Amino acid sequence: MGKDVIVACDFASAEQTFAFLDKFTGRKPFVKIGMELYYAEGPEIVRQIKARGHKIFLDLKLHDIPNTVKKAMAVLKNLDVDITNLHAAGATAMMQGALEGLTREDGTRPLLIAVTQLTSTDQESMERDILIKEPIDKVVMHYAMTAKNAGLDGIVCSPLEAGKVHDTCGKDFLTITPGVRFADGEVGDQKRVMTPAQAKEIGSDYIVVGRPITAAADPVAAYERCVAEFCD
Ligand code: C5P
C-alpha cells in the first residue's frame, strides 16, 4: 500500500453512501468510514463496502483502558479493514493492547494509526482544557514517537506536519493527512489546508478528502483530479 486518495464517506446512511459509490464505475476509491456512518449502520456497512471491492479506513478513534481497547480491536479485526485508528493520548499500554487485539491468528492485521492532537485543538484550548503547556508541534511529534515506539504504523496529521513527522519518525512511518482542498475550491471549516499536489510534495502517504469530492458537482471527476495530482 502507499500513496492513495482516501474518500471520507461522511454520510448518515447506507443509502446515501451507496448512491455516492455507485457513481464510481472505474477505479474504486479507498473509503473512510467514520463514526457517523458506522454508528448509523453498524458493522454491516463495512462488510458491504468491502464486498464492493473498496479498501477501507475505519476511523473510529478508540480511546479507553487497554483491556477494553484490546477487546474492541479483537472484534474489529474480523471486519477485514485495511486501516483503523485510536487516540495516542490513550498512552503506550493502550496502543500495545490495541495491536495485540488487532492481530489475527495468522499474524496479519490492519494498519494501526494514531490520532495525535485533533486539528480542532489549538494551543490555547490545549493549555486551558487539558493543561498541556508545551508547544503543540512538540506535543504532536512526541505523540508520534510514542505511537511509533508502541509499534504503530503511523499517525493522522495535518499535511503541514507530514514532512516533520517523517524526519522525526522515519520515512516508513505513515502519514495520513486530511485538510486537503483544491487550489480553486472552498475551504469550509478546515483551517490549515493544502492542495493534493502540495501534500504529495511534502511527502504525505495518504490524503483524506471529503467534501471536495462528496459535494462536487461531478464527484468522479473531482476524485480523478485528486488522484492525478497526488498519485501520478
Ligand atoms: O470534508 P473534508 O475534506 O474536510 O473531510 C475531512 C475528513 O477528515 C473528515 O471525515 C474529518 O472528520 C476527517 N479529519 C479531519 N481532521 C482530523 C482528523 C480527521 O478533517 N484531524
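Trainee: How much space lies in the largest pocket?
Mentor: About 1200 Å³. Keep in mind that this is a predicted model.

Trainee: Okay! How many residues line that largest pocket, and which lie nearest its centre?
Mentor: The lining has 42 residues, and those nearest the centre are T119, S120, P178, G179 and Q190.

Trainee: Which elements give two or more residues to that lining?
Mentor: On the helix side, look for α2 (35–41), α7 (136–150), α8 (159–169) and α10. The strands are β3 (56–62) and β8.

Trainee: And how does the lining of the largest pocket divide into nonpolar, polar and charged?
Mentor: You'll find 17 nonpolar residues, twelve polar ones and 13 charged ones.

Trainee: Switching to the ligand, where does the ligand sit?
Mentor: Right in that largest pocket. Two elements each give two or more residues to the shell around the ligand: β8 (206–209) and α10 (211–214).

Trainee: Nice. Which residues are around the ligand?
Mentor: From the earlier part of the chain come A8, D10, K32 and T119, then P178, R181 and Q190. The list is completed by V208, V209, G210, R211 and P212. That shell has five nonpolar, three polar and four charged residues.

Trainee: Which atom of K32 lies 2.9 Å from an oxygen atom of the ligand?
Mentor: A polar side-chain atom. R211 also uses a polar side-chain atom, which lies 2.7 Å from a ligand oxygen.

Trainee: What about G210, is the polar atom there backbone or side-chain?
Mentor: For G210, a polar backbone atom is 2.8 Å from an oxygen atom of the ligand.

Trainee: So how much of the ligand does the protein bury?
Mentor: Taken alone, the ligand exposes 460 Å², and the protein buries 83% of that.

Trainee: New topic: how much space lies in the second largest pocket?
Mentor: About 190 Å³.

Trainee: Which residues line the second largest pocket?
Mentor: There is a run from the R181 region, with R181, F182, D184, G185, E186, V187 and G188. R211, P212, A222 and R225 join them. Here α10 and α11 (219–230) are the elements that give two or more residues.

Trainee: And how does that second lining divide into nonpolar, polar and charged?
Mentor: Four are nonpolar, two are polar and five are charged.

Notes. Residues numbered from 1 in each chain as written. Predicted model: local features only at pLDDT ≥ 70, side-chain atom pairs only at ≥ 80, totals over all residues. Heavy atoms only, no water. Near = heavy atom within 4 Å. Polar contact = N/O pair within 3.5 Å; in protein donor to acceptor, adjacent residues only side chain to side chain. Areas by Shrake-Rupley, 256 points an atom, 1.4 Å probe, with all protein chains shown as cover. 1 Å grid on protein atoms, 1.4 Å probe; cavity = no way out; pocket = protein on both sides within 12 Å on 5 of 7 lines; lining within 4 Å. Sits in = over half its atoms within 2 Å of the grid points. Helix = DSSP H or I, 4+ residues; strand = E, 2+ residues; numbered from the N terminus. Nonpolar A, V, L, I, M, F, W, Y, C, P; charged D, E, K, R; others polar. Points joined across faces, edges and corners; volume = space filled by probe spheres on them.
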